[in-house]
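Trainee: I would like to look closely at one part of this protein rather than tour the whole of it. Please choose a single residue in the interior, and then build outward from it step by step.

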Amino acid sequence: MTAAVVAGLLAGYGIAIPVGAVGAHLVAVAARGPWRAGVGAALGVATADGVYALAAVLGGAALVPVLAPVTTPLRWASALVLVVLAALSCRTAVRAHRAGPGAPAPPGVPPRRAYLTFLGITILNPMTVLYFTALVLGGSPVRGPAAATAFVLAAFAASASWQLLLAVTGTLLGHTLSSPRARLATGLASSALIAALAVGILV
């Protein structure tokens, strides 16, 4: 059981720590909205990782041939969603800057919407389930229902803890960079990073 928990933690951190487009967008959402939005987004990403870890444990080798034909369409869909998110983020930053410092701040993303949005864009990445499947098939100590449950819960906990750290970082960044110019710069930088990483998915 301990070995399964350790394997799950390592797997969860292994998929979560490399900050990609989703992580960058999570930080941006947390910086521009209430802390609850960041928490919702973080738990959305972690839920997707947990679902894919469960799918890998239950499906194993059977998932690979099923996912292979849809990997390319899902990659294109993921890139398209990220480009749209980058454009919306850029538009929000520019509008807030043009409104001036005296204008009311735009409302943040509601926590429920942040959760569902980040759950969706993370689920669109088929490489996550292939990653967990490779670990399970490669000899991770996931044998039996108890070990499989421990592995999945540990992977979810690891992913959630890292995503929540990104959310806290975004919230602190939002409080620190509170001037209109700083908010515009961080909003545009986040949009550019998300767009660049979306292109990177395709090449």
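Mentor: Let us start with Gln 163, which, once its neighbours within four places in sequence are left aside, is in contact with Ala 16, Leu 26, Ala 42, Val 45 and Ala 46. Please keep in mind throughout that this is a predicted model. Gln 163 has its place in helix H8, and its relative accessible area is 4%, so with the limit for burial set at under 20%, Gln 163 counts as buried.

Another residue of helix H8 belongs in this picture, namely Ser 159. Its relative accessible area is 0%, and Ser 159 is therefore buried. Not counting residues up to four places away in sequence, Ser 159 touches Gly 12, Ala 16, Val 45, Ala 46 and Asp 49. If you set the two lists side by side, you will find Ala 16, Val 45 and Ala 46 among the contacts of Ser 159 and among those of Gln 163 as well.

Now follow Gln 163 towards one of its partners, Leu 26, and you arrive at the meeting of two helices. Helix H2 covers residues 21-32 and helix H8 covers residues 145-176, and their axes come within 7 Å and cross at roughly 45°. The two helices are therefore oblique to each other, and their crossing is right-handed. On the H2 side the residues that take part are Gly 23, Leu 26, Val 27, Ala 30 and Ala 31, while H8 brings Gln 163, Leu 166, Ala 167, Gly 170, Thr 171, Leu 173 and Gly 174. By class, the residues of this contact divide into seven nonpolar, five polar and no charged.

Leu 26 also leads us to the largest nonpolar core, which has 21 residues, and in which Leu 26, Leu 82 and Phe 118 touch the most other members. Two or more residues of this core come from each of H2, helix H3 (35-59), helix H5 (71-99), helix H6 (111-123), H8 and helix H9 (180-202). The element that gives the most is H2, with seven residues.

Phe 118 deserves a look of its own: leaving out residues up to four places away in sequence, Phe 118 touches Val 22, His 25, Leu 26, Val 29, Ala 41, Gly 44 and Val 45. Apart from the largest core lies another core, of eight residues, among them Ala 7, Ala 53, Val 57 and Phe 151.

Phe 118 takes part in two helix contacts, and we can take them in turn. In the contact of H2 with H6, Val 22, His 25, Leu 26 and Val 29 in H2 meet Phe 118, Ile 121 and Thr 122 in H6. The residues of this contact divide into five nonpolar, two polar and no charged. The axes of H2 and H6 come within 11 Å and cross at roughly 170°, and the two helices are therefore roughly antiparallel to each other.

In the contact of H3 with H6, Phe 118 is again on the H6 side, and its companions there are Pro 111, Ala 114, Tyr 115, Leu 119, Thr 122 and Ile 123. The H3 residues that meet them include Ala 41, Gly 44, Val 45 and Asp 49. By class this contact has 13 nonpolar, four polar and two charged residues. The axes of H3 and H6 come within 7 Å, crossing at roughly 35°, and the crossing is right-handed.

Just outside these helices, in the loop between H5 and H6, lies Val 109. Val 109 has a relative accessible area of 28%, which means that this residue is partly exposed. Neighbours within four places in sequence aside, its contacts are Val 29, Ala 37 and Ala 114. Val 109 and Gly 33 are 76 residues apart in sequence, yet their C-alpha atoms are 6.3 Å apart in space.

Finally, step back to the whole protein, which has nine helices and zero strands. Of its 203 residues, buried ones make up 39%. Among contacts between residues at least 6 apart in sequence, 91% join residues at least 24 apart, and the pairing of Gln 163 with Leu 26, where we began, is one you can now place where H8 meets H2.

Technical notes. Residues numbered from 1 in each chain as written. Predicted model: local features only at pLDDT ≥ 70, side-chain atom pairs only at ≥ 80, totals over all residues. Heavy atoms only, no water. Axes fitted to C-alpha atoms, helices over the stretch in contact; angles between N-to-C directions. Helix = DSSP H or I, 4+ residues; strand = E, 2+ residues; numbered from the N terminus. Parallel < 35°, antiparallel > 145°, perpendicular 65-115°, else oblique. Left-handed = near helix turned anticlockwise from the far one by under 90°. Contact = heavy atoms within 4.5 Å. Nonpolar A, V, L, I, M, F, W, Y, C, P; charged D, E, K, R; others polar. Core = buried A, V, L, I, M, F, W, Y, C linked by side-chain atoms within 4.5 Å. Buried < 20%, exposed > 50% of the residue type's maximum accessible area, 1.4 Å probe, protein only.
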